[in-house]
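Colleague: Before I use this model in my own work, I would like to go through some of its local geometry and its pockets with you. Could you take my questions in turn?

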Amino acid sequence: MNGSSPARPSEAPDAEGASVRVHRWEGYRCESRVVRSPSPRVAPVLLVGGALQRKEDWGRLERELLRHADVVSVDLPGWGAGDPLPERFGVDFLTEALRHMLTELDPGPVNVLGGSYGTAPAYRLAELDPARVARLVLVGTMPAIPEHARGLIEHTLDLFAAGRMTEFARAGVELLMSSTPGADVAAGAAVRRVLLHRFARISPEEGLKYTENTRRLLTGAMLGAGGGPAQPVLVTTGEHDTFTTPALCRQVAAGCADSWFVEVARGDHMLHLERAPELVELAARFYAGESFTELPFVRRAERVRGAAPVPAPARAGARAGLGPVAAHDG
């Protein structure tokens with residue numbers, strides 16, 4: 001009745017000790033990956049990534065988070081190991097797939113970190129299922145695709161369709177990373193090289209996913225108009241982000257009832273690659289209800305909406321519900 005596959009989901013540890021599980025929502029494959037913390041102090045953290053990002057791609061950010069919490073990462077339909085998802089399926093479909101995966105995993109209330117494209121289902125999950133989300137961090141977000149970026153995004157689709165992969169890679173990186181002269185971005189040159197390599201070598205299936213996902217964003221509002229999450233929300237991006245600019249991110253925070261906006265020094269749109277330890281320190285303090293405004297990399301911190309100067313402490317992070325993991329090959 002909930003649209004899930006009648007087949008029993010299977011699980012297995014992967015080569016890094018994580019546990020990968022296959023799920024199905026309305027006939028579309030999706031996957032989750034769970035890694036357990038040796039000493040969790042806050043509720044499990046759910047990671048929802050951006051375009052072309054796979055659940056295994058969080059790297060250092062995931063490793064840093066494991067000092068604080070169990071980590072759940074996902075490939076929704078249209079991501080990573082998930083099936084390609086036609087553009088006609090909107091953000092609510094992705095959100096329902098995410099809810100279904102969490103129902104099967106049963107981790108209890110989670111803290112959520114959504115990045116870029118992944119901020120849309122993360123935000124909507126908090127709106128639709130407030131009992132499931134304790135706190136929400138959005139990294140590099142916007143209410144809808146801004147006009148200054150629309151033509152650039154459409155250009156990447158044209159280049160990919162024409163098979164001009166070198167130009168496609170360059171255009172994709174120029175869209176996501178600042179080219180402002182003199183911008184001091186931590187690890188900026190290295191991140192640019194990583195992204196160029198990633199865009200230039202995407203497979204035909206990844207290209208299909210990128211195309212459908214991008215068209216989905218171009219045809220509608222990114223975050224919808226549901227009234228905003230009621231939970232504590234922290235919206236952040238780098239000071240040099242020219243795609244989801246600080247102004248756009250603050251606009252999202254202004255639509256939430258209990259919100260902060262933080263601008264990170266020496267950061268751009270790819271904060272999880274540029275400043276992973278700093279992003280984790282910020283998020284972990286927010287999840288735990290601890291002060292973060294004095295952190296040295298916080299260029300600007302603003303309490304956008306809500307009365308309390310610092311959010312109240314979050315529910316402490318038991319391993320609730322993730323349970324023993326059986327084996328499959330993912």
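Modeller: What follows is a set of questions and answers on a predicted model.

Colleague: Which residue in the loop between β4 and α1 has a positive phi although it is not a glycine?

Modeller: Most residues other than glycine have a negative phi. In the loop between β4 (45-48) and α1 (60-65), one residue has a phi of about 65° without being a glycine. With a relative accessibility of 16%, which is under the 20% limit, this residue counts as buried. The residue is Leu52.

Colleague: Is Ala187 buried, partly exposed or exposed?

Modeller: Ala187 also has a positive phi, near 55°, in a residue other than glycine, and its place is the loop between α5 (165-176) and α6 (188-200). Its relative accessible area is 43%, and since buried means under 20% and exposed means over 50%, a value in between gives the remaining class. Ala187 is therefore partly exposed.

Colleague: Which backbone oxygens does the side chain of Thr219 reach?

Modeller: Thr219 is found in the loop between α7 (204-218) and β8 (232-238), and at 59% relative accessibility it counts as exposed. Its C-alpha atom is separated by 8.8 Å from that of Glu87, a residue 132 positions away along the chain. The side chain of Thr219 comes to 3.1 Å from one backbone oxygen and to 3.1 Å from another, and these belong to Arg215 and Arg216.

Colleague: How far apart in sequence are the parts that the pair of Tyr28 and Phe93 ties together?

Modeller: The structure holds 11 aromatic pairs, and one of them joins Tyr28 and Phe93 edge-to-face, with 5.9 Å centre to centre and 85° between the planes. Tyr28 lies in strand β3 (residues 28-35) and Phe93 in helix α2 (residues 91-105), so the pair ties together parts whose separation in sequence is 65 residues.

Colleague: Which residues form one aromatic cluster with Phe160?

Modeller: Phe160 forms a tilted pair, at 5.5 Å centre to centre and with 55° between the planes, with Phe168, a residue that counts as buried at 0% relative accessibility. The cluster that holds Phe160 also includes its partner in this pair, and its members besides Phe160 are Phe168, Phe199 and Tyr210.

Colleague: How do the residues lining the largest pocket divide into nonpolar, polar and charged?

Modeller: The largest pocket holds about 620 Å³ of space and is lined by 36 residues, with Gly50, Ala51, Ser116, Leu176 and Met270 lying nearest its centre. Two or more lining residues come from each of β6 (110-115), α5, α6, α7 and α9 (271-274). The lining divides into 23 nonpolar, 11 polar and 2 charged residues.

Colleague: Which elements give two or more residues to the lining of the second largest pocket?

Modeller: About 180 Å³ of space lies in this second largest pocket, whose lining includes Asp57, Trp58, Arg60, Arg63, His272, Leu273, Ala276 and Pro277. Its lining residues divide into 4 nonpolar, 2 polar and 3 charged. The elements asked for are α1, α9 and α10 (276-288).

Definitions and conventions. Residues numbered from 1 in each chain as written. Predicted model: local features only at pLDDT ≥ 70, side-chain atom pairs only at ≥ 80, totals over all residues. Heavy atoms only, no water. Helix = DSSP H or I, 4+ residues; strand = E, 2+ residues; numbered from the N terminus. Buried < 20%, exposed > 50% of the residue type's maximum accessible area, 1.4 Å probe, protein only. Polar contact = N/O pair within 3.5 Å; in protein donor to acceptor, adjacent residues only side chain to side chain. Phe/Tyr/Trp six-rings, centres within 6.5 Å; stacked < 30°, edge-to-face > 60°. 1 Å grid on protein atoms, 1.4 Å probe; cavity = no way out; pocket = protein on both sides within 12 Å on 5 of 7 lines; lining within 4 Å. Points joined across faces, edges and corners; volume = space filled by probe spheres on them. Nonpolar A, V, L, I, M, F, W, Y, C, P; charged D, E, K, R; others polar.
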